[in-house]
Amino acid sequence: MAELAETYACVPTTERGRGILISGDPKTDTIAYCNGRSVIIRRLDRPLEVSVYGEHAYPATIARFSPNGEWVASADVSGTVRIWGRHGDRALKNEFRVLSGRIDDLQWSPDCQRIVACGEGKGKSFVRAFMWDSGTNVGEFDGHSRRVLSCTFKPTRPFRIVTCGEDFLVNFYEGPPFRFKLSHREHSNFVNCARYSPDGSKFITVSSDKKGVVYDGKTGEKMGELSMEDGHKGSIYAVSWGPDSKQVLTVSADKTAKIWEIMDNGSGKLKKTLSCPGSGGIDDMLVGCLWQNDHLVTISLGGTFSLFSASNLDETPIQFSGHMKTVSAVASFIQNGQNIILSSSYDGLINKWIQGVGYGGRLGKKDNAQIKCFAVVEEELIISGFDNTVRRYSLHGCECSDAESIDVGSQPKDINLAVQSPELALVATDSGVTILRGLTTVSTINLGFAVTASAIAPDGSEAIVGGQDGKLHIYSIRGDTLTEEAVLEKHRGAISVIRYSPDASLFASADINREAVVWDRVAKEVKLKNMLYHTARINCLAWSPDSRMVATGSLDTCVLVYEVDKPASSRITIKGAHLGGVYGLAFSDENSVISSGEDACVRVWRLTGQ
Amino acid sequence: MSFRRSNASSGMGVADHCKHTYLELQRKKVHRYVIFKIDEKKKEVIVEKTGGAAETYDDFRASLPENDCRYAIYDFDFVTEENCQKSKIFFIAWSPSISRIRAKMLYATSKDRFRRELDGIHYEIQATEPPELDIEVLRERAS
């Protein structure tokens, strides 16, 4: 049996030029955000415990806890709102098709009876408020002509709704049933966020014109503005009130977050500017924020969370991050007594994770090369992207040395490093293989068949190349020549991955036809067959350090762990490991499997004996 | 002499012996499983092998050839959630993907006609690879 031990969660999907909205539940200190089709709920004090809701059929945009903490309402780009129970098996309470386009913001009424959702309506309604259990409308919301970016519900009676959008307008509705009351055109650019203070006395709107305006909560009249001196120098993307209703936190494209004190007359005075240490560049632009209890959370465009403490603003923030896109490869090794995991995604991001602790940092690379194939042995990293070059890096803590790259003639399909002599690398390209020693090409051999996968033995003496036709060709390496030793035929589809066992006595291969086979290396015979339990192509394969177990990960979101000495039917199945498919697998020790997939998360599973 | 009508699409008849053996499994519980084969020369489905009531599922799987198609009947005993002992009859169409195309075609077209002869089958399973014949598959279907 396998149980989930740790999850290294993804970060919210961000888009340049727009803010993102994250929400939280102050009672349990959790935050919720969306990435792809998943809604991620994380506890701020226990970062390794993450719960993921993957039932949306379209990319999810926003999720909000109900004021009583029992339900979550989440919305996606198709205009559907799903209301589900937070605890237990996340039973779906209701699902409504609210708008005809994407939903940008969602709010519960304080009595948990009504929900207002706003977004893109394709000309018809941009905002809708409805009863949470029946879906009946509770008002008419006209007055907007373009996408409505944010909406907010007055948290105290009498109920009011404020909406703001791309038509630069801030609209105020009274109800229920909600009717248009008045509109403000104080801003000269997109109004990105509108929020009511927790006591309902005021609400503030922030905009891409770098201004923030404060209004009276009950009448909707303008009261004052955030002071322009020391104001933001870039678009303000999000705003969040402090629990005392006297302070707000704003984040902006000028890479800073500012805390303002809001006076009773509605004017705002700057209290403090917070800037997060970053690498420079647009990834540091802050796009989302949340003020919950004592925590100030800001999110940057690159997906880095910064956690400040409200009571001690001068303390350096705790920063953590994750992946935003599919994690296509994972590798594990031991450094300074800790299990380090490296995960890479195609946009060129390599993150370091420490098992048991969590985020360990981002590997700083000086270039932004995209990554397609990734191999790591101890302190050496070799990467290839979508161009014809292969780059080598050596790892020093969290920094990579400058890349040295070499052109291999065509896009590499697979890269392998010989574990015992990492300067020997085998690069498989469309029609052949290239052997590299260090950064010099030792030889390029045209093999005459379409190559899809390759592997090199730990001692560098043998290589196996898999073809489009499912045949495995075994070559012995002598100096710079390859001599074909044998051709093995068993697979019925193109080979997707080949791996040697750590003790080099066996190797395993997997194909697109869902089958994996373990072979005896010396006798070149099948050792374990009938590993056909996946229902879609096998993407990745890993051996346990003692060479006793093989794990396969597939597009069908399952990870299967087989024991080489037992028949294939006695396997451990991990279903639904990653929404969208499992793309990377590694073993960190005999009982822990690390998997990564399309949901941009990395998970560690503990195998318990059967 | 019984008049043997030939099958609609592939021309295979069904031997009387098949029906009798099936009834023995169903009524008298003499057999655990029966394996049927298509005899091309006589153009009919015949009984290839039967397994005694004491034999297990693994014995049954071992009697199926790896690269040829067969039909099979298996009597599956299990205990339900409410602790009742139940027994269900499974019809298994075994058509491994490594078998000859001609064999697969033959067995596929004759299957319907053959199945109609056997009344009282609870579940039908089509298996194309050994993993699809796992005992878990039967257990899941039965519950």
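In what order do the elements of chain B run from the N terminus on? In this predicted model, the run is β-α-β-β-α-β-β-α-β-α, which you can tally as four helices and six strands.

Let's stay with chain B for its overall build. A compact globule of 143 residues would have a radius of gyration near 15 Å, and chain B agrees, because its own value is 15 Å. Along the principal axes, the C-alpha atoms fill a box of roughly 45 × 35 × 25 Å. Buried residues account for 45% of the chain. Look at contacts with a separation of 6 or more, and 62% of them link residues 24 or more positions apart. On the outside, chain B exposes about 8,000 Å², with 48% of that coming from carbon and sulfur atoms.

Now over to chain A. Its strands 6-7-8-9 line up in that order as an open, antiparallel sheet. Strand 6 (60–65) and strand 9 (92–97) each have a single partner strand, so they stand at the edges with one side lacking a neighbour in the sheet. On average, neighbouring strands here are turned by 15° against each other, direction ignored. Strands 6 and 7 of chain A are held in register by five antiparallel bridges; in one pairing, A:Ile62 has A:Ala75 of strand 7 as its bridge partner.

Next, the largest nonpolar core. It has 28 residues, and A:Val81, A:Ile83, A:Val98 and A:Ile115 touch the most other members. Strands 7 (71–76) and 8 (80–85) of chain A are among the elements giving it two or more residues. A second, separate core of 24 residues includes A:Tyr33, A:Leu44, A:Met285 and A:Val297.

How values were computed:
Residues numbered from 1 in each chain as written. Chains lettered and ligands numbered in written order. Predicted model: local features only at pLDDT ≥ 70, side-chain atom pairs only at ≥ 80, totals over all residues. Heavy atoms only, no water. Core = buried A, V, L, I, M, F, W, Y, C linked by side-chain atoms within 4.5 Å. Buried < 20%, exposed > 50% of the residue type's maximum accessible area, 1.4 Å probe, protein only. Pairing = 2+ DSSP bridges. Axes fitted to C-alpha atoms, helices over the stretch in contact; angles between N-to-C directions. Rg over C-alpha atoms; globule rule 2.2 N^0.38 Å. Contact = heavy atoms within 4.5 Å. Areas by Shrake-Rupley, 256 points an atom, 1.4 Å probe, with all protein chains shown as cover.
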